[in-house]
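Colleague: I'm new to reading helices in a model. Could you walk me through this one?

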Amino acid sequence: MRCVIARYPFELTKAGVLASMEGVTPEPVTGESVTIGRRRYPVKQVGEVVTRQDRRDFTGREVTLAMTRLGFTCHPHPDAEPSPDFGSPSSSPHAPQNLLDDPTPVIPREA
């Protein structure tokens, strides 16, 4: 598969990536990661090994897209929070929980 990483074209295959990462010890995952074989690698480490470029020259997104297209499982940042469900009022981060949970009716005051 042809892909562009850091403005350079690469012809990558799943077998080629597997062969390149064979014997490489994974660094600690602190951001986006990709599962190759039975190991989970940071995407920047995979990009550096596969392209032989400095990891400052490309983005994690470029590598993530390429690895996804090759059929590898990519994972988001481990600290990334899931998107809130804005369909229900109780999921709003700004909604005061005590008012939503209070079952007593509100009686308007006379002026």
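Colleague: Which residues in α1 meet Val-46, Val-49 and Val-50 in α2?

Modeller: Val-17, Ser-20 and Met-21 do, with contact meaning heavy atoms within 4.5 Å. Bear in mind that this is a predicted model, where local features need pLDDT of at least 70, side-chain atom pairs count only at pLDDT 80 or more, and totals for chains, interfaces and linings use all residues. Residues are numbered from 1 along each chain as its sequence is written, and side-chain values use heavy atoms, leaving out hydrogens and water.

Colleague: How do the axes of α1 and α2 cross?

Modeller: Two packed helices are described by the angle and the distance between their axes. Here, helix α1 (residues 14-21) and helix α2 (residues 43-51) have axes that come within 10 Å and cross at roughly 100°. That makes α1 roughly perpendicular to α2 (65 to 115 degrees).

Colleague: Okay, on to α3: which of its residues are buried?

Modeller: An α-helix has 3.6 residues a turn, so residues three or four places apart point the same way. In helix α3 (residues 60-70), the buried ones (under 20% relative accessible area, 1.4 Å probe, protein chains only) are Gly-60, Val-63, Thr-64, Ala-66, Met-67 and Leu-70. They sit on the same side of α3, because their arc around the axis is only 165°. Arg-61 and Arg-69, on the other side of α3, are exposed (over 50%).

Colleague: And what do the buried residues of α3 pack against?

Modeller: Their partners are β1 (2-5), α1, β3 (33-36), α2 and β5 (73-75). Right after α3 comes Gly-71, with a positive phi near 105°.

Methods. Axes fitted to C-alpha atoms, helices over the stretch in contact; angles between N-to-C directions. Helix = DSSP H or I, 4+ residues; strand = E, 2+ residues; numbered from the N terminus. Parallel < 35°, antiparallel > 145°, perpendicular 65-115°, else oblique. Arc of directions from axis to C-beta.
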